[in-house]
Amino acid sequence: MKKFAYIISMVFSLFLATACDDNDGPNDGPIEPVTEVRAESFIGSVNVYFKAPQNENYYYTLITYDDSEGKTKHLKVGKEALDSETGLMKAVVTGFTDTNDHNFKLQACTAHGSVSTPVAVTGKA
C-alpha cells in the first residue's frame with residue numbers, strides 16, 4: 001500500500017511540474033491601431049466609422065467615451081459591423097442628451113488580450 005501511495009504521489013508531482021502556466025498558449029503579439037477614423041453627428045447619437053486592422057488575430061474594437069453625464073462607457077464593436085456603403089466598420093453610439101463634443105478612444109483588440117495604441121476622434125451628438 002505504501003508503494004502504491006508513493007507511485008501516486010510521484011505521478012501527481014509529475015503533473016504539477018509540467019502543468020501550463022498563465023503565459024502558455026498562443027501569443028499573437030502587438031496589433032495595429034484602427035485607421036480612417038471619423039465621427040458623424042446624428043440625433044442623440046454619434047456614428048463612428050473606422051477601418052479595422054488587416055490582422056488575422058483582430059477580434060473587436062473597444063470604443064471608450066464619456067456620456068452626457070460624465071460617466072465612462074465602453075462599447076465593443078465586432079468584426080461583423082462592416083458598413084457595406086462605406087467599406088468601413090460602423091458603430092452607432094447612442095444615449096446622448098446634449099449637443100456637446102464627445103471624445104472617443106478606439107483600440108483594436110485580439111482574442112488573446114493584445115490591445116493597440118488608442119486612436120482618438122471627437123464627435124457631436
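These exercises walk through parts of a predicted model.

**Exercise 1. The core**

Task: Find how many residues the largest nonpolar core has, and which strands supply at least two of them each.

Solution:
- Step 1. Count the members. The largest nonpolar core has 20 residues.
- Step 2. Pick out those with the most contacts inside this core. They are V48, F50, Y58, I63, F96, F104 and L106.
- Step 3. Turn to the strands. At least two core residues come from each of β2 (45-51), β3 (58-66), β5 (89-94) and β6 (101-110).
- Step 4. Look at F104. Beyond its neighbours within four places in sequence, F104 contacts several residues, including V46, V48, I63, F96 and V119.

**Exercise 2. A hairpin**

Task: Describe how β3 and β4 pair, and what lies between them.

Solution:
- Step 1. Find the direction. β3 pairs with β4 (residues 72-78) in the antiparallel sense.
- Step 2. Count the bridges. There are seven.
- Step 3. Check one position. I63 stands opposite L75 in β4.
- Step 4. Follow the turn. Five residues separate the two strands of this hairpin. In the turn, G70 has a positive phi of about 85°.

**Exercise 3. H102**

Task: Decide whether H102 is buried or exposed. Then find the side chain that joins H102 in a polar contact of 2.8 Å.

Solution:
- Step 1. Locate H102. This residue is in strand β6.
- Step 2. Apply the cut-off. Buried means under 20% relative accessible area. H102 is buried because its relative accessible area is 5%.
- Step 3. Find the partner. The side chain of D98 makes the 2.8 Å polar contact with that of H102.
- Step 4. List the surroundings. Leaving out residues up to four places away in sequence, H102 touches D66, D67, S68, F96, V121, T122 and G123.

Notes
Residues are numbered from 1 along each chain as its sequence is written. This is a predicted model: local features need pLDDT of at least 70, side-chain atom pairs count only at pLDDT 80 or more; totals for chains, interfaces and linings use all residues. Side-chain values use heavy atoms; hydrogens and water are left out. A nonpolar core is a set of buried Ala, Val, Leu, Ile, Met, Phe, Trp, Tyr and Cys residues joined through side-chain atoms within 4.5 Å. Buried means under 20% relative accessible area, exposed over 50%, partly exposed in between (1.4 Å probe, protein chains only). Helices (H or I, at least four residues) and strands (E, at least two) are DSSP runs, numbered from the N terminus. Contact means heavy atoms within 4.5 Å. Two strands pair if DSSP finds at least two bridges between them. A polar contact is a pair of N or O atoms within 3.5 Å; within protein, one must be able to donate a hydrogen and the other to accept it, and residues adjacent in sequence count only if both atoms are side-chain atoms.
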